[in-house]
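Biologist: Hey, got a minute to walk me through this one? I'd like the overall picture, then a closer look at one residue.
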Amino acid sequence: MNRPVLSVHGGAGGHTDELREHAAEYHAALERALAAGTDALDAGSGAVEAVRAAVIVLESVPLFNAGYGSALCTDGSVELSASVMRGSDQAAGGVAMMTRTVHPVEAAVALLDEPEVLLVGPSADAHAAANGLEQRDPAEFVTERQRQKLAERLAAAEPATVGAVCLDKTGLLAAATSTGGLSGQRPGRVGDSPLIGAGTWADNRVAVSCTGQGEAFIRAGAARLVAALVERGETLECAANAALTAVADCGGSGGLIAVDAHGNVTAPRSMGAMPRGVWRPGQKPDTTVP
């Protein structure tokens, strides 16, 4: 038996006025996400359900760029992406360019035992609807906050992608990542979040969820790189930092959270802020907003 651990992040970005002014709300949201994941574990569910439950909470909070309140494309539309990976058999599911599914992370979970790994656009929403997942009119995802962000083009300096990683008591590792993309992105642009090996990875050694400038994380293969370095014998912390160095070599910045099979957790970043939190049995949730 293992001592379970759950970690979440709310995206890497700069120390914005919004982050400082709403620090209490960020802390509360991270704590709710950790509580949701913990409740799933306490109910006997495994790591996949824990990361799903945690990310659903973060997708519901408009302060984060995932699900409701996601960043807007240049045409004012929302395109949602997410991915999930199960470490025991490396089953993976990714969805991108969704416009109607309330919780993209649930659509990704529903792909774990399907032959496909990645679905995009209307096919992804149809897959979600066929699995009974809630659908809404695309306009309902748009908030006034994100309309203003689009006008000001400030998305690069704010928290973005959300994610969770978990080690459950059976030793199963899982990771999930969800995003609304970049403010002002070209419609059809897909970043690292729904891509297995770039924004998300889990195997029997490590689970990783990334956030930051997606194209650089894709080019670096950042999430898979962490796992490869751990497999080679690097510590989790060294592996995670090396992955961010590889991202920097590709001209990008950001952060990630990772947990290994021993319950070690790391959350390095190369940007000014990355709201994040960790829960362990018998301890209060530990959340950090800067």
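Modeller: Sure. One term before we start: contact means heavy atoms within 4.5 Å. Also keep in mind that this is a predicted model.

Biologist: OK, so among contacts between residues at least 6 apart in sequence, what percentage join residues at least 24 apart?
Modeller: That comes to 69% in the protein chain.

Biologist: And how many helices and strands are there?
Modeller: The protein chain has nine helices and 12 strands.

Biologist: What's the radius of gyration, and what would a compact globule have?
Modeller: The chain has 17 Å, and a compact globule of 290 residues would have a radius near 19 Å, so the two agree. Along its principal axes, the C-alpha trace spans about 50 × 40 × 35 Å.

Biologist: How much of the chain is buried?
Modeller: Of the 290 residues, 59% count as buried. The chain exposes about 11000 Å², with carbon and sulfur atoms supplying 49% of that.

Biologist: Switching to T177: where does T177 lie, and is T177 buried or exposed?
Modeller: T177 is in strand β6, which covers residues 173–179. T177 counts as buried because its relative accessible area is 0%, and the cut-off for buried is under 20%.

Biologist: What does the T177 side chain reach?
Modeller: It makes a polar contact with the side chain of S209 at 2.8 Å, and it reaches the backbone oxygen of G199 at 3.4 Å.

Biologist: Which residues is T177 in contact with, leaving aside neighbours within four places in sequence?
Modeller: Among them are S81, A82, S83, T161, V162, G163 and C210.

Conventions: Residues are numbered from 1 along each chain as its sequence is written. This is a predicted model: local features need pLDDT of at least 70, side-chain atom pairs count only at pLDDT 80 or more; totals for chains, interfaces and linings use all residues. Side-chain values use heavy atoms; hydrogens and water are left out. Helices (H or I, at least four residues) and strands (E, at least two) are DSSP runs, numbered from the N terminus. The radius of gyration is taken over C-alpha atoms; the globule rule is 2.2 Å times the number of residues to the power 0.38. Buried means under 20% relative accessible area, exposed over 50%, partly exposed in between (1.4 Å probe, protein chains only). Accessible areas come from the Shrake-Rupley method with a 1.4 Å probe; for residues, only the protein chains shown count as cover. A polar contact is a pair of N or O atoms within 3.5 Å; within protein, one must be able to donate a hydrogen and the other to accept it, and residues adjacent in sequence count only if both atoms are side-chain atoms.
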